[in-house]
Amino acid sequence: MEKILSIAGSDSGGGAGIQADLRAITVLGGYGMSVITALTAQNTLGVTGVHPVPAGFVAAQLDAVLGDIGADGAKCGMLATAEIIRTVAEKVTEYDLRPLVVDPVMVAKSGHPLIDDQAKAVLKKELLPLAALITPNLPEAGELVGFPVADEESMIKAARELKALGCGAVLIKGGHLKGAPVDILFDGREVLRFPGLRLESRNTHGTGCTLSAALATLLARGLPLAEAVGKAKDLIGLAIAQGLEMGRGHGPTNPWAWLGNTLARGEVLESLQEAASRLEAVRFGPLIPEISSQLAYALPYARGMEEVAGFPGRIVNFRGRAKAVGCPCFGASRHAAKVVLAAKRLHPEIRAAMPLAFSQEVLRAGRDLGLKIGRFSRADEPPEVKAREGSSLEWGTTRALEEAGRCDLIYDLGEVGKEPVVRLLGESPSQVVDRALAILEMIPGRGGPHA
């Protein structure tokens, strides 16, 4: 277990600073330690007071931790005064503390500077050269280089100038860009782009803290720089997307979402295998569409097809029985994954789906079982959706759920070249298979294990 030291301010609201750092370190399996550089009175609405810790006591904390426990990596966040910055730099050198990630917290969300010119000069001259990686956002990068940083061209220029200060690498975060965000990483040899999605969420408090603490942990573990950045961005992207609704202002990010996905991977695959075995035990073939079937199951906080598992060879009709081809794996289900992800966006509890052969008997059985049924017509599909390969099911599932509300079963009547299909939805593969087998039992001449 890597020992990671956070040198930063304390957030009384728990959303940023030391508190956010320790969460990120713990979620990634590290042992978090802290040196507090400032006490803040703050909540989701803002900061109402700051009390810098005397530099001598910052030094005492560093000596206590590093002189006994040691650290495999560290990050620096809020360092409010030139004296504190100089003290930290001296101790980093004395104890050869590395890898060090520096998140140069210099500008408040309101745009007001948080450190004075003297502190900024000491930061650039004495601390940044000791860092393996620095992670400024656009306003912070602009403060450090002395010119506006507002687009990719200026981000690259700023990254080169900051690298010249002596740090190992520079990651300039593009969250303040207009349009889709992109981060720029420069290690002195090449410029790498890390594009992202613009996430509409007010719960972004602690984003920079979480990212830099994650990077310190991953670099301490020995991950290559670009891989560490990619993994840390995945964590923070999910943490923002699943941000916590707390307080009346900007709520905190949610790094537990990444951990939830990580811990659920084995359970997802096991659940799929168990559910498929139940299908294979009965003569389920008549309910399998001509195009074959699939059983898809998403991670709790899935965002893309690579986070939805299924069977690589689908579920086929083999001599009247269902046969799952291959072992379940993530990224194997393209069409069913689109259905699950579309349903999950509107109803997060829906994580599983399975296509069935369409018939009026299947619909009748579903109604008799009390399942809520929705439908969509491919004739209503907008031309621009038809033109995008693979977008029809996403559009159709969304359309059905928006019109009918939370559904257990969605069907469409197909069109030329497209088979009509029924799609069962559920919270788990077990629930979907329960419903599928119950439907099978209610169709004359098809039910039962020996039918």
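Hi everyone, let's start with one pair of residues: the side chains of E126 and R86 meet in a salt bridge, 3.2 Å from N to O. By salt bridge I mean a side-chain nitrogen of Lys or Arg within 4 Å of a carboxyl oxygen of Asp or Glu. E126 sits in helix α4 (residues 117–127) and R86 in helix α3, so this pair ties together parts that are 40 residues apart in sequence.

A quick word on where this comes from. This is a predicted model, in which local features need pLDDT of at least 70 and side-chain atom pairs count only at pLDDT 80 or more, while totals for chains, interfaces and linings use all residues. Residues are numbered from 1 along each chain as its sequence is written, and side-chain values use heavy atoms, with hydrogens and water left out. Helices (H or I, at least four residues) and strands (E, at least two) are DSSP runs, numbered from the N terminus.

Is our first pair buried or exposed? Buried means under 20% relative accessible area, exposed means over 50%, and partly exposed is in between (1.4 Å probe, protein chains only). E126 has 26% relative accessibility, so it counts as partly exposed. R86, at 33%, also counts as partly exposed.

Now look at D103 and K173, another salt bridge, with the closest N and O atoms 3.5 Å apart. D103 is in the loop between β5 (100–102) and α4, and K173 is in the loop between β7 (170–172) and β8 (182–186), 70 residues apart. D103 counts as buried because its relative accessibility is 3%, and K173 counts as buried at 11%.

How many salt bridges does a search of the whole structure find? The search finds 25. One network of them links E349, R406, D408, E427 and R435.

Let's finish with helix α2. Its 14 residues (55–68) should span 20 Å at 1.5 Å a residue, and the end C-alpha atoms are indeed 20 Å apart. That expected span is 1.5 Å times one less than the number of residues.

Which residues of α2 are buried? They are A55, V58, A59, Q61, L62, V65 and L66. Seen down the axis, these buried residues fall within an arc of 160°, so they line one face of the helix; the arc is that of the directions from the helix axis to the C-beta atoms. They pack against β1 (3–11), β2 (31–43) and α3 (82–94), where contact means heavy atoms within 4.5 Å. The face turned away carries the exposed residues G56, F57, G67 and D68. Just after α2, G70 takes a positive phi of about 80°.
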